[in-house]
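Q: Could you take me through one part of this model up close, and then show me how its surroundings fit in? I would enjoy a connected account rather than a list.

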2 protein chains.
Amino acid sequence: MSEPTELRDPPGASRRRKPAGKPKGRVTMTDIARAAGCSQATVSFVLNNSPGIRLSQQTRDRVIEAARALGYSPPVFSALRPPVTPFEGLDGVIGFAVDQLATSPEAVVAIEGARQASWNAGNVLLVAQTMGDAVMEPRAIQALTRRGISALIYMTIFTREIAAPDFLYSLDIPVILLNCYTADYAFPAVVPSEIAGGQSATRHLIAHGHRRIATITGEPWMQAAQDRLKGYRRALATADIPFDPELVVEGDWSASAGYAATVKLLGLKERPTAIFCQNDRTAIGCYEALKEAGLHIPQDISVVGYDDEEIARHLFPPLTTSILPHLAMGQWAIEQLETPPTPGRGRYPITKLECPLVERESVADVKG
Amino acid sequence: MSEPTELRDPPGASRRRKPAGKPKGRVTMTDIARAAGCSQATVSFVLNNSPGIRLSQQTRDRVIEAARALGYSPPVFSALRPPVTPFEGLDGVIGFAVDQLATSPEAVVAIEGARQASWNAGNVLLVAQTMGDAVMEPRAIQALTRRGISALIYMTIFTREIAAPDFLYSLDIPVILLNCYTADYAFPAVVPSEIAGGQSATRHLIAHGHRRIATITGEPWMQAAQDRLKGYRRALATADIPFDPELVVEGDWSASAGYAATVKLLGLKERPTAIFCQNDRTAIGCYEALKEAGLHIPQDISVVGYDDEEIARHLFPPLTTSILPHLAMGQWAIEQLETPPTPGRGRYPITKLECPLVERESVADVKG
DNA sequence: GCCTTTGACTAATGTATATTAGCAAGCGCA
DNA sequence: TGCGCTTGCTAATATACATTAGTCAAAGGC
């Protein structure tokens, strides 16, 4: 207490502490007060509607007016990240935007992967749905970004190339694409390796001695269908099995298409000994047609699916299928944030994650 | 201003200003610091996971321990008072907190219901997972509330009574409970009407002429299991069918328990003609046992399930089951927000929504 | 014309948290 | 031995909002 005056800097001196050119990151009550020509206290009273305080309606209106004009929002402490956040700890809140949540379980699985990976670091995931709607998508993402998230994961239900909405480019936080990618490789992106998946499913059949392997595709315009087919052809080529167009039947991911396609295949002069259904639903229809024809799986004919949907486990016999790596993709996305490889928005290669095959009981060695 | 020294109290003097015997209304970081034997700053670092700060794991653990023990919850900046909200402009964002997202589809369905209902009004739903963790739950909800959401929906995966965390009470936005409720009825809450569901499932069997109806329960300590059983007994009583304890077998929601229970039921001197499985998984095991015994569904014996899981449709024969009204519950929650009946936190009755029965092909008239 | 009251507001201060600077101990090393 | 570096933490301070205790001017009372 000998020199109390030493303790106090002249008022205003401290203001220069923040050297950054950015004077304000947020609108505060003080700003509103200045705009409305009153004190910060008055603003506090108005915005809190404090009981027992008497203020003229004019003043109240002026304050509200100003608050609205300046876009005041209550304090978000986590949003006060220093201008150049070195991304070590990556605290806080990570946004996860997805077009649909309910239509298929993959989104939930990816979210779960991201959550698990965030958990250790104590980060919270905030999920918003965009519904792929041009009006709502910006609002949904704004609901996240405006609130001070420290990174955004942007996921689509179907694997595809997207034209990223403009605002993704103008965000100043890391953006990771999950199950989609942009043509300009502007963001780190991760997708399942469908080609490798189709290849390993087919290779699995080949390893069991099959040489006459049919496949039932999905809707041909979908990336996943094309890639799975590509993998199928590649596996055939690798094993020196000639490609027979007769053995490729177009489906549409549905069980009924699987049924019809299988009937068609069974009508072939030289029947396949194995069928690679490019998703599990198709396999359901395939099973049905096979059973109707009096064929036994896998003794008479082997079947593999794709996607490892819940039902694959409950079919009879349980279906050998490929797991979509959405859990791993979610984790991968978070890991990208932990290692700070954001060297000025360069070009990122698209990461492809494997679709491991789960062997169950629908594949056997070829007869004969 | 003649006596500037008067302005500066010696540090600590100001502490005595608050004369009230109550030293603290809330747990602050300073309290935690004292308990953990460190400084308030350290607590701040730990709880915020501040980037670029290095602390020993021990210290972090001690702080988290203490925070948990003292029941710390971060300050809630209200910003927007209910009575006269100055800015409807602060775009409608509704928070949806759920303990688990991935473990079962119900949460996703409820979210979808809430989303659909919000959509028209142009509101955005932000979803956070709490994982039922004492440390993470406040953080997750904080991630929502701090960001100025205009309402919070709080959901649990299992239907149950909860002790709502303190901070739920101190929020000044509407809070709706979904699939759970508090003993003090402090919040509007909605749950499935499991009793009515169990009753209507059983009644359905009675309507088909069955009188000897068995049931396989879930884990007995779970609310849902108790209520479904209660509904079963009620339906029996209403139809003047005596209750036979022999026909009630305890399961645990799993297929294998369903299998074992069915085997036990088939060993009875007087076999049941119908089995009410209290969830679909149980029914899977039940189907299995029945088929092994050479019985045909529904000709020889009828089966109903509960939950309408995806698989119910794909069983053979497709399973008659009750739909959990999570979609409707999500919608209901949003509707409560639209009609603003929040007259000073009164007592709200628990709303129960029906579980409608979907008839498929696993029930037939009793033979003879 | 001098108090008193009241309405409308502010200065000053309090509270809780975030952040910066720096201290002290330990370690590798020249 | 002593220099520089890292690690792990605290003291001090800044920031943002809430609240208390007023100030000040106008409107009465006497």
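A: Happily; here is a close look at helix H9 of chain B, followed by the aromatic rings and the wider chain A.

A word on conventions comes before the details. Residues are numbered from 1 along each chain as its sequence is written, and chains are lettered from A and ligands numbered from 1 in the order in which they are written. This is a predicted model, in which local features need pLDDT of at least 70, side-chain atom pairs count only at pLDDT 80 or more, and totals for chains, interfaces and linings use all residues, while side-chain values use heavy atoms, with hydrogens and water left out.

Helix H9 of chain B covers residues 223–238. Helices (H or I, at least four residues) and strands (E, at least two) are DSSP runs, numbered from the N terminus. The 16 residues of H9(B) should span 22 Å at 1.5 Å a residue, and the C-alpha atoms at its ends are 22 Å apart, so the two agree; the expected span is 1.5 Å times one less than the number of residues.

The buried residues of H9(B) are B:Ala224, B:Ala225, B:Asp227, B:Arg228, B:Gly231, B:Tyr232, B:Ala235 and B:Leu236. Here buried means under 20% relative accessible area, exposed over 50%, and partly exposed in between (1.4 Å probe, protein chains only). As background to that list, an α-helix has 3.6 residues a turn, so residues three or four places apart point the same way. The cover over the buried residues of H9(B) includes helix H8 (194–207) and strands E6 (213–216), E7 (248–249) and E8 (274–277) of chain B, where contact means heavy atoms within 4.5 Å. After H9(B) comes B:Asp240, with a positive phi near 60°.

One of those buried residues, B:Arg228, lies over the face of B:Tyr306, at 3.8 Å from the ring centre. A charge sits over a ring if NZ of Lys or CZ of Arg is within 6 Å of the ring centre and within 35 degrees of the ring normal. In chain A, A:Arg228 lies over the face of A:Tyr306, at 3.7 Å from the ring centre.

Now to the rings themselves. Over all chains, a search of the whole structure finds four aromatic pairs; rings of Phe, Tyr and Trp (its six-membered ring) pair if their centres lie within 6.5 Å, and planes under 30 degrees apart count as stacked, over 60 as edge-to-face and the rest as tilted. A:Tyr232 and A:Phe243 form an edge-to-face pair, 6.4 Å centre to centre with 75° between the planes. This pair links A:Tyr232 in helix H9 of chain A with A:Phe243 in the loop between H9 and strand E7, 11 residues apart. A:Tyr232 counts as buried because its relative accessibility is 1%, whereas A:Phe243 is partly exposed, with a relative accessible area of 31%. B:Phe276 and B:Tyr306 form a tilted pair, 6.4 Å centre to centre with 35° between the planes. B:Phe276 is in strand E8 of chain B and B:Tyr306 in the loop between strands E9 (302–304) and E10 (321–322), 30 residues apart. B:Phe276 is buried at 0% relative accessible area, and B:Tyr306 counts as buried at 0% relative accessibility.

Finally, chain A as a whole has 12 helices and 12 strands, and 52% of its 368 residues count as buried.
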